Amino acid sequence: MEGELRIVVKWSGKEYDILDIQEEDTVLTLKERIHRETGVRPERQKLLNLKFKETCSLLGKAAQDEDIIGKLNLKPGFKLMLMGSREEDIAEVSQAPEDVPDVINDLDIEEEEVEIEKAEINLRKIQIRIDRYVITELNPLRNGKKLLVLDIDYTLFDHRSVAESGAQLMRPYLHEFLTRAYKNYDIVIWSATSMRWINEKMKLLGVSNHPNYKIAFHLDVLAMITVHTPKYGVVGVKPLGIIWGKYKQFSAKNTIMFDDIRRNFIMNPQSGLRIKPFKHAHTSRVKDFELLKLSRYLELIADVEDFQILNHRKWEEYKPKKNDHSSEQTSSNDKQ
């Protein structure tokens, strides 16, 4: 029907079709329709990317409740990211027990179970990504820095819980962690989602334009490859060889990847560190110090010439050698 829009709302890991929106409706009307589908009341909704797109005087401004949908120039099938909580979820969180066990959603692939790192078919897939995948650099890479590759979901951000703002779902000490890491490492974000959602999440978390650190570039799901494992079949993975093939200054000697799912770095098991997943943000954030501890680890190993001698599975037990100057640097940072 002419004048009618279809809007897709993404919330709590699901997508909802909002079909009965007219161009003359207001944003508040849209919120009422969203309430009908999701149960999130209009006053608790935050619509992250609902902004004016082509009206010169209002370009980039967030839409308000009284604004007319038609003036936003939305395309059919426009995807909208919603943040907000249902009343029953808020009540449940307020009564949640203090100790919520972590359920690790992982295939738990051991690298000795499958020897796929050098399989010819997988190396060909990596070469195709090197040749065809286009990396958009957000900030210049710096000479002499090592490389830190970070996942987003459950590593930096609890993407399943509901909240009023991104800050409530952000892993504690995120900005301090990135600030400390940036001194010795160029930082790359690699998530198994679309580039659009990576960009939105980085803006939501305040990472994109933070004054104390810079992100070199983002990699999305299109940079991943699939590999076949005898035990688990076909799985998607994040081969660091794609980065190493494009940027010769990086290799297994100076790269480390953090991810909550081990299979994501099965192509480079020695370069991966499996981080404890950050879930149940409302109850776990008060006792989550993972990023603080990992900040210290990154500083301790910053002067190690070849990361291949490290065992990241035992990172919490790592002690630098006496001639490792990075320990002095860490002590200085912790005192500041």
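Contact in these legends means heavy atoms within 4.5 Å. The model shown is predicted.

**Figure 1. Overview of the fold.** The protein has 336 residues, and 48% of them count as buried. Its secondary structure comes to 9 helices and 11 strands. Take the contacts between residues at least 6 apart in sequence: 71% of them join residues at least 24 apart.

**Figure 2. A parallel open sheet of 5 strands.** The strand order is E7-E6-E5-E10-E11, and the pairing is parallel. The edges are held by strand E7 (215–219) and strand E11 (272–274). Each has a single partner strand, so one side of each is left without a neighbour in the sheet. On average, neighbouring strands are turned by 20 degrees against each other, direction ignored. Although E7 is an edge strand, 5 of its 5 residues are buried.

**Figure 3. Strand pairing on either side of E6.** Strand E5 (residues 146–150) and strand E6 (residues 185–190) run parallel and are joined by 5 bridges. Here Leu147 stands opposite Asp186 of E6. E6 also runs parallel to E7, and 4 bridges link these two strands. In this pairing, Ile189 faces His218 of E7 as its opposite residue.

**Figure 4. Helices H5 and H8 against the parallel sheet.** Helix H5 (residues 195–204) lies across E6 and E7. Its direction is at about 140 degrees to E7. Helix H8 (residues 290–301) also packs on the sheet. H8 touches E5, E6, strand E10 (255–259) and E11. The directions of H8 and E10 make about 170 degrees.

**Figure 5. A mixed open sheet of 4 strands.** The order is E2-E1-E4-E3. Strand E2 (14–22) and strand E3 (46–47) are the edge strands, each pairing on one side only. E3 and E4 are antiparallel and share 2 bridges. Lys46 has Met83 of E4 as its bridge partner.

**Figure 6. Helices across the mixed sheet.** Helix H1 (residues 27–38) lies across strand E1 (4–11), E2, E3 and E4. H1 runs at about 135 degrees to E2. H5 lies across E1 and E4, at about 35 degrees to E4. H5 also lies across E6 and E7 of the parallel sheet.

**Figure 7. Surroundings of Arg33 in helix H1.** Is Arg33 buried or exposed? Its relative accessibility is 17%. The cut-off for buried is under 20%, so Arg33 counts as buried. Beyond four places in sequence, Arg33 is in contact with Ile18, Asp20, Ile21 and Asp25.

**Figure 8. The largest nonpolar core, with 42 residues.** Which residues have the most contacts inside it? They are Leu148, Leu150, Phe177, Ile256, Phe258, Leu298 and Ile301. Two or more core residues come from each of strand E4 (78–83), E5, helix H4 (174–182), E6, H5, E10 and H8. Domain 1 (4–91) and domain 2 (106–317) each give this core at least three residues. Apart from it lies another core, of 28 residues. Ala216, Ile242, Tyr247 and Phe265 are among its members. In soluble globular proteins, nonpolar side chains tend to be buried together.

**Figure 9. Contacts of Ile256.** Residues up to four places away in sequence are not counted. Ile256 touches Leu147, Leu148 and Val149. It also touches Tyr185, Ser271 and Leu273. Further contacts of Ile256 are Tyr297, Leu298, Ile301, Phe307 and His312. Ile256 is one of the residues with the most contacts inside the largest core.

**Figure 10. Packing of H4 on H8.** The two helices pack at an angle of about 5 degrees, and their axes are 9 Å apart. Angles under 35 degrees count as roughly parallel, and H4 and H8 are therefore roughly parallel to each other. H4 makes the contact through Leu174, Glu176, Phe177, Arg180 and Ala181. H8 contributes Leu291, Leu292, Leu294, Ser295, Arg296, Leu298 and Glu299.

**Figure 11. Leu292 of helix H8.** Leu292 has a relative accessible area of 24% and is partly exposed. Which residues does Leu292 touch, not counting those up to four places away in sequence? They are Tyr173, Glu176 and Arg180. Tyr173 lies 119 residues from Leu292 in sequence. In space, their C-alpha atoms are 6.5 Å apart.

Key. Residues numbered from 1 in each chain as written. Predicted model: local features only at pLDDT ≥ 70, side-chain atom pairs only at ≥ 80, totals over all residues. Heavy atoms only, no water. Pairing = 2+ DSSP bridges. Axes fitted to C-alpha atoms, helices over the stretch in contact; angles between N-to-C directions. Core = buried A, V, L, I, M, F, W, Y, C linked by side-chain atoms within 4.5 Å. Buried < 20%, exposed > 50% of the residue type's maximum accessible area, 1.4 Å probe, protein only. Domains from an automatic or database assignment. Parallel < 35°, antiparallel > 145°, perpendicular 65-115°, else oblique.
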